[in-house]
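Open the model in your viewer and keep the selection tool at hand. The stops below say what to select next and what is there.

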Amino acid sequence: MRHTGQTGVVLRLGTTQTLAWASSYYLPALLAAPLAAELGMAVTHVFGAFTLALVISALVGPAAGRAIDRHGGRAVLLATNLLFAAGLAALGFAQAEWQVWAAWCVVGVAMGSGLYDAAFATLVRLYPVSARNAITGITLIAGFASTVGWPLTQWGLDTLGWRGTCLGWAALHIAVGLPLHRWLPRGRVEEMPAIQVAVSPDSHASTPAATTHTSAGQGVALVLAAVFAIAWFTSTAMAAHLPLLLQAQGLSASTALGVAMLVGPAQVAGRLLEFGFLRRAHPLLSSRFATAGHPLGVLLLALGGPLGGWLFAVMHGMGNGILTIAKGTLPLVVFGAAGYGERQGWLMAPARVAQAFAPVLFGLAMAHWGGRALWLTAGLGLLALALLQGLALHMARRDAVPATTPRPDAPA
């Protein structure tokens, strides 16, 4: 890290992100069944409430990012701890189905202003020059959210019941999340560069590029939004259906479970690869590499049987791990640090909606096509790769314009 205090900031945000993901995104997998059984709800309705929370988070994201751009992330993240605590406490005290839906609405607001996008925007405002490595550091820590969260949730269910588990997570946001966010710097640590120079995709530099607001810039934003939506649709679909999907490919139940469990470590391995070997590469290069992971894994699975299953898990997991970082670093390099938070909220809104509906839509694909549904996500992955390749060519052509000739997308 380039600044002594940056390591401490990364450790704090990495810890609070682990808490936020474990107590929201990874909670329904274990909590839905006992909650539904006690309240007389259908399990699908519990997941429906969670889907609504994801949609709300997409709507909240741009406003949360704009607030971080203007006031910094400390106040926003402190507020999300209170929102998480309120929503989880309301869920723990729920006595009727409508109260479950209302509680998840509150949690959805917290997710839209307190997960990765908010943490990334906080880092960019603090460190507009050196945020890339800090973003990677946060994802390395929070990559273990499910590894930590699921055992803690299961322990809570076994000892405290589902209501006590919800209240326990709410208490952790007050006892752990609030103090850690209170210790964040109040103002910018690095100065915003006076002139931000655009960076070629073939360059090894990672200086933020100039922000544009022209039609060309909007086109690039649409490309990135589409790529992130595809990535998050695929990631969520695999998280929801992977074991059964692998069995439909001919793997035994035990082998399918083992393969599915490998995805998490592979994601961390991908992030370590980004932090080490790829850290000097342009994020557009690492993004193309990562986007190719899932389609290549599907091909290996189709050709290699059980061995192909393990290779699929590695390729999919590593690609997904790198893309988690790329969604923070790629917009920073392409557009620059100015207005990062609000832009990130808009860029990720389609991804959050895709994420919300991915389990249902991919489940329908599996019902119609069985294991061949994987070719759907493989095709989407190739589309994302083609979009990124087109973006790389566009940026290369833009950077090839002589310095004396005004660029078409340059501000007047």
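## A tour by selection

Select Arg-163 to begin: this residue is buried, with a relative accessible area of 19%. The model is a predicted one, so each value on this tour is computed from predicted positions.

**Stop 1: from Arg-163 to its partner.** Now add Glu-38 to the selection. Glu-38 and Arg-163 form a salt bridge, and their closest N and O atoms are 3.0 Å apart. Glu-38 belongs to helix H2 (residues 28-39) and Arg-163 to helix H9 (residues 161-182), so the salt bridge ties together parts that are 125 residues apart in sequence. Is Glu-38 buried or exposed, or something in between? Glu-38 has a relative accessible area of 49%, which makes it partly exposed. The limit for exposed is over 50%, and the limit for buried is under 20%.

**Stop 2: Arg-66 and Glu-342.** Clear the selection and pick these two residues. Their side chains meet in a salt bridge, at 2.8 Å from N to O. Arg-66 sits in helix H3 (residues 43-71) and Glu-342 in helix H14 (residues 340-369), so this pair ties together parts that are 276 residues apart in sequence. Arg-66 counts as partly exposed at 27% relative accessibility. Glu-342 is partly exposed too, with a relative accessible area of 27%.

**Stop 3: Lys-327 and Asp-117.** Select this pair next. A salt bridge joins the two side chains, with 3.5 Å from N to O. Lys-327 is in helix H13 (residues 293-335) and Asp-117 in helix H6 (residues 116-126), so the pair ties together parts that are 210 residues apart in sequence. Both Lys-327 and Asp-117 are buried. Add Arg-352 to the selection: Asp-117, Lys-327 and Arg-352 are linked in a network of salt bridges. How many salt bridges does the count come to? The count is four.

**Stop 4: the aromatic rings.** Turn from charged side chains to rings. The count of aromatic pairs comes to eight. Select Tyr-25 and Tyr-26: their ring centres are 5.1 Å apart and their planes stand at 90°, so the pair is edge-to-face. Next, replace Tyr-25 with Trp-150. Tyr-26 and Trp-150 also form an edge-to-face aromatic pair, with 5.4 Å from centre to centre and 85° between the planes. Tyr-26 lies in the loop between helix H1 (4-22) and H2, while Trp-150 lies in helix H8 (residues 145-159), so the pair ties together parts that are 124 residues apart in sequence. Colour by accessibility if your viewer allows. Tyr-25 is buried, with a relative accessible area of 16%, whereas Trp-150 counts as partly exposed at 36% relative accessibility. To show the whole group, select Trp-21, Tyr-25, Tyr-26, Phe-50, Trp-104, Tyr-116, Phe-120 and Trp-150, which form one aromatic cluster.

**Stop 5: H11 against H13.** Show the helices as ribbons and select H11 (residues 253-275) together with H13. At what angle do H11 and H13 pack? The angle is about 40°, and the axes are 6 Å apart. H11 and H13 are therefore oblique to each other. H11 passes H13 in a right-handed crossing. To see the contact, show side chains on both helices. Residues of H11 that take part include Gly-258, Leu-262, Ala-266 and Gly-270, and those of H13 include Gly-309, Ala-313, Gly-317 and Gly-321.

**Stop 6: Thr-136.** Keep H11 and H13 in view and select Thr-136, which is found in helix H7 (residues 131-142). Thr-136 is buried, with a relative accessible area of 1%. Which residues does Thr-136 contact, leaving aside its neighbours within four places in sequence? They are Arg-271, Glu-274, Phe-275 and Ile-325.

**Stop 7: H12.** Select helix H12 (residues 283-291), which is mostly covered: seven of its nine residues are buried. Among the buried residues of H12 are Pro-283, Leu-284, Arg-288 and Thr-291.

**Stop 8: H13 against H14.** End with H13 and H14. These two helices pack at an angle of about 125°, with their axes 11 Å apart. H13 and H14 are therefore oblique to each other, and their crossing is right-handed. On the H13 side the contact is made by Lys-327, Gly-328, Pro-331, Leu-332 and Phe-335, and on the H14 side by Tyr-340, Arg-343, Gln-344, Leu-347 and Met-348.

Conventions:
Residues are numbered from 1 along each chain as its sequence is written. This is a predicted model: local features need pLDDT of at least 70, side-chain atom pairs count only at pLDDT 80 or more; totals for chains, interfaces and linings use all residues. Side-chain values use heavy atoms; hydrogens and water are left out. Helices (H or I, at least four residues) and strands (E, at least two) are DSSP runs, numbered from the N terminus. Buried means under 20% relative accessible area, exposed over 50%, partly exposed in between (1.4 Å probe, protein chains only). Rings of Phe, Tyr and Trp (its six-membered ring) pair if their centres lie within 6.5 Å; planes under 30 degrees apart count as stacked, over 60 as edge-to-face and the rest as tilted. Axes are lines fitted to C-alpha atoms, for helices over the stretch in contact, and angles run from 0 to 180 degrees between N-to-C directions. Angles under 35 degrees count as roughly parallel, over 145 as roughly antiparallel, 65 to 115 as roughly perpendicular and the rest as oblique. A crossing is left-handed if the near helix is turned anticlockwise from the far one by less than a right angle, and right-handed if clockwise. Contact means heavy atoms within 4.5 Å.
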